[in-house]
Amino acid sequence: MESVGTVKAAVIQLECKLSRSAGNMKRAERYVLQAIDEGAQLVCLPEAFLTSGNILEVSDVAVTIPGECTARLGELALRGGVHIVAGLLEKDGEAHYSTSVLIGPTGELIGKYRRVHCFELEKQYLDTGDAFDVFDTPVGRIGMLQGYDLNFPEATRELYRRGADIIVCSALIPEQYAYVTRQLLPARVIETQSYLLFVSGIGSNTFAGFSYMGGSEVLADPLFLEQEKFDFVDGDEHLLVMERDEGMRALDLDVRRLRKYRKERSLLGDLEPQTYWREPRAGPVARLG
């Protein structure tokens, strides 16, 4: 595993507009260039940033990967020497996915994550992925998720088990789930002893009649911060919080100290995987009361 120090990461909270792919791309480019100017090494965009969550027309609006959009993201990455994570609706033959891509600083497509968890309605339009890959890069080992995955601790745990330092969750979550999402984020980051970048879109989905929550956050395991920062108090695990406006924010992530902490305090050795997801044993059923 390559040695990594402090990494400057940028979160772009973008208004993802339906039927405005060109405009969404133009505004995303502007924020990526702003992040580059501020010295970012890792730049992150929301889920389906190009098309918004237009799954009803996914066969018309989804893009191929690699393709024109990832080529443009590659040009931006090459220009700034940065890594970019971005969410896209992807078409692959007759299949469609909600996918996050990881672009490297020479403009190459390093990898992608096809969202594994889709809810019932989405499954009428989207296919599901089948892997949680982690990518070893000069800015750390990066794992990718998307918003709905936060409901499944198995997803983040799998990235943790594979050694992810930084989990980028590109999201586009309806406002009605904002409260629950904000409760899940600290839990997921504690379970994974990692940095978690929750990169959320904003705007309205006029087809579905709701707005997206915004509220992008960057979090770290509070036990890590408590050990490494003497001035930590409860709540400091939220390293960055955005409200409902479009914009870009950047911050430093100390990956070296995170790895040092995990080496000393890792939960991995205490996992008991042989006891998980087993069929219930036959025998008397315990009764309550």
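**Exercise 1. Place Ser98 and describe its surroundings.**

Solution. Start with the side chain: Ser98 and Gln146 make a side-chain polar contact of 2.6 Å. A polar contact is a pair of N or O atoms within 3.5 Å; within protein, one must be able to donate a hydrogen and the other to accept it, and residues adjacent in sequence count only if both atoms are side-chain atoms. The model is predicted: local features need pLDDT of at least 70, side-chain atom pairs count only at pLDDT 80 or more, and totals for chains, interfaces and linings use all residues. Residues are numbered from 1 along each chain as its sequence is written, and side-chain values use heavy atoms, with hydrogens and water left out.

Next, the element. Ser98 sits in strand 4, residues 95-103. Helices (H or I, at least four residues) and strands (E, at least two) are DSSP runs, numbered from the N terminus.

Then accessibility. Ser98 has a relative accessible area of 1%, so it is buried. Buried means under 20% relative accessible area, exposed over 50%, partly exposed in between (1.4 Å probe, protein chains only).

Last, the neighbours. Not counting residues up to four places away in sequence, Ser98 touches Glu47, Leu88, Leu89, Tyr113, Arg114, Arg115, Leu126 and Gln146. Contact means heavy atoms within 4.5 Å.

**Exercise 2. Describe how helix 1 packs on helix 3.**

Solution. Two packed helices are described by the angle between their axes and the distance between the axes. Helix 1 spans residues 21-37 and helix 3 residues 68-80; the angle is about 20° and the axes are 10 Å apart. Axes are lines fitted to C-alpha atoms, for helices over the stretch in contact, and angles run from 0 to 180 degrees between N-to-C directions.

Classify the angle. Helix 1 is therefore roughly parallel to helix 3. The cut-offs: under 35 degrees is roughly parallel, over 145 roughly antiparallel, 65 to 115 roughly perpendicular, and the rest oblique.

Give the hand. The crossing of helix 1 and helix 3 is right-handed. A crossing is right-handed if the near helix is turned clockwise from the far one by less than a right angle, and left-handed if anticlockwise.

List the residues. Helix 1 contributes Met25, Glu29, Val32, Leu33 and Ile36; helix 3 contributes Cys69, Arg72, Leu73, Leu76, Arg79 and Gly80. By class, the contact of helix 1 with helix 3 holds seven nonpolar, one polar and three charged residues. Ala, Val, Leu, Ile, Met, Phe, Trp, Tyr, Cys and Pro count as nonpolar, Asp, Glu, Lys and Arg as charged, and the others, Gly among them, as polar.

**Exercise 3. Is Leu73 of helix 3 buried or exposed, and what does Leu73 touch?**

Solution. Leu73 has 0% relative accessibility, so it counts as buried. Leaving aside neighbours within four places in sequence, its contacts are Met25, Leu45, Phe49, Ile84, Ala86, Val101 and Ile103. Add one distance: the C-alpha atoms of Leu73 and Gly107 are 7.4 Å apart, with their places 34 residues apart along the chain.

**Exercise 4. Analyse the packing of helix 4 on helix 5.**

Solution. Helix 4 covers residues 153-161; it packs on helix 5 at about 30°, with axes 9 Å apart. The two are therefore roughly parallel. Helix 4 passes helix 5 in a right-handed crossing. Pro153, Thr156, Arg157 and Tyr160 of helix 4 meet Arg188, Glu191 and Thr192 of helix 5. The residues of this contact divide into two nonpolar, two polar and three charged.

Now take Pro186, in helix 5 (residues 178-192). Pro186 counts as buried at 17% relative accessibility. Beyond four places in sequence, Pro186 touches Leu219 and His238.

**Exercise 5. Characterise His117.**

Solution. His117 lies in the loop between strand 5 (109-114) and strand 6 (134-137). Its relative accessible area is 16%, so His117 is buried. The side chains of His117 and Asp149 form a polar contact of 2.7 Å. Leaving aside neighbours within four places in sequence, His117 contacts Phe132, Tyr148, Asp149, Phe152 and Ala155.

**Exercise 6. Describe the backbone at Pro66, Gln193 and Trp277.**

Solution.
- Ile65 and Pro66 are joined by a cis peptide bond, with omega about 0°. Pro66 is in the loop between helix 2 (58-61) and helix 3.
- Gln193 is not a glycine, yet has a positive phi of about 45°. Gln193 is buried, at 2% relative accessible area.
- Trp277 also is not a glycine and has a positive phi, near 55°. Trp277 is exposed, at 74%.
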